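Q: Could you take me through one part of this structure in detail? I would like a close look at how the strands are put together and what lies across them.

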Amino acid sequence: MNERAREAAAAVRFEALADDAWLLRLGERIDDALNARVHALAARVRAQAPPWLRDLVPAYASLAVFFDAQAIQAEAVRAWLLRYCEVIEDDAAAEAGAGARTVEIPVAYGGEFGPDLDTAAAQLQLTPAQLIQRHSGGDYRVAMIGFAPGFPYLSGLEPALALPRLATPRTQVAAGSVAIGGAQTGIYPRPGPGGWRLLGRTPLRLFDAARAAPSLLQPGDHVRLRAIGADEFHALAADADAAAVGDRRNADTAR
């Protein structure tokens, strides 16, 4: 290992998650550059795809690596991973973005779709239209998937649009709700509780276990939001429902 790689490896802290998993900590903060290094490291490891690798789970500042403990010793995995840690250096963002997708997410803002739009705009000293324009015009990236299956934490929110979470979370948030929580934007994939500020809703299904790829978004994806009206929302929702029926039929046939 050369000096550059040795310094980079020293910046990564290895923690045993279980007998078959390592957690690689690259830092302790929410930071776009740090998250880019996490995804770059994941991309470097995934490209090698050793037979003992079970799964990779990137988060904001860490990467969980799951392996087949029957096929390889944990220390051997650690030694193998150390060779790829120099990816956290200067070329990380370029490497992580090289194969990233850009996914467009249509969003109907305000009214029944975004009950917090007006109060959020007032708190930010904006009109609802200004908030829609600025929020939908952001360049977002899926920093991680968490909280619920398919829930994307999106980095890239304009700092001036950051909003505190609700003092009392809702017991039920509609599937597809697009929201701001602190300095992040997220999309609720399924109905459930939540305390983020709801600005709008997408008709797309972010998670469907019957699909070949259940999660619509993947860590590292770039996301563009497109503001739409109610008519387009309902038309796209009908298309999504029809596609879901087809996916379930295909899944039943495959069983």
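**Strands and their partners**

A: Happy to. Let's start with a single pair of residues: Arg13 has Arg25 in strand 2 as its bridge partner. Please keep in mind that this is a predicted model. The pair belongs to the contact between strand 1 and strand 2 (residues 21-25), which run antiparallel and are joined by five bridges.

Now widen the view a little. Strands 1 and 2 are part of an open sheet of four strands, ordered 1-2-4-3, with antiparallel pairing. At its edges are strand 1 (13-18) and strand 3 (53-58), each of which pairs on one side only. From one strand to the next, the twist averages 20 degrees. As general background, strands of a sheet pair through backbone hydrogen bonds, either parallel or antiparallel.

Two helices lie across this sheet. Helix 2 (residues 32-48) lies across strand 2, strand 3 and strand 4 (62-67), and runs at about 165 degrees to strand 3. Helix 3 (residues 74-82) lies across strand 1, strand 2 and strand 4, at about 35 degrees to strand 2. Strand 2 and strand 4 therefore each have both helices lying across them, given a contact cut-off of 4.5 Å between heavy atoms.

Further along the chain, strand 5 is worth a look too. Strand 5 (residues 102-109) pairs with strand 13 (residues 222-228) in the parallel sense, over seven bridges. Within that pairing, Thr102 stands opposite His222, and Val103 stands opposite Val223. Strand 5 also has two bridges to strand 12 (residues 197-201), and these two strands run antiparallel; there, Ala108 stands opposite Arg201. Strand 5 is mostly covered, with six of its eight residues buried.

Strand 13 has another partner as well: two bridges join it to strand 6 (residues 140-145), and the two run antiparallel. His222 turns up again here, as the bridge partner of Arg141.

To place these parts in the whole, the protein chain has seven helices and 13 strands. Of its 255 residues, 46% count as buried. Among contacts with a separation of 6 or more, 63% are between residues 24 or more positions apart. The accessible surface of the chain comes to about 12500 Å², and carbon and sulfur atoms account for 52% of that.

Definitions and conventions: Residues are numbered from 1 along each chain as its sequence is written. This is a predicted model: local features need pLDDT of at least 70, side-chain atom pairs count only at pLDDT 80 or more; totals for chains, interfaces and linings use all residues. Side-chain values use heavy atoms; hydrogens and water are left out. Buried means under 20% relative accessible area, exposed over 50%, partly exposed in between (1.4 Å probe, protein chains only). Accessible areas come from the Shrake-Rupley method with a 1.4 Å probe; for residues, only the protein chains shown count as cover. Two strands pair if DSSP finds at least two bridges between them. Axes are lines fitted to C-alpha atoms, for helices over the stretch in contact, and angles run from 0 to 180 degrees between N-to-C directions.
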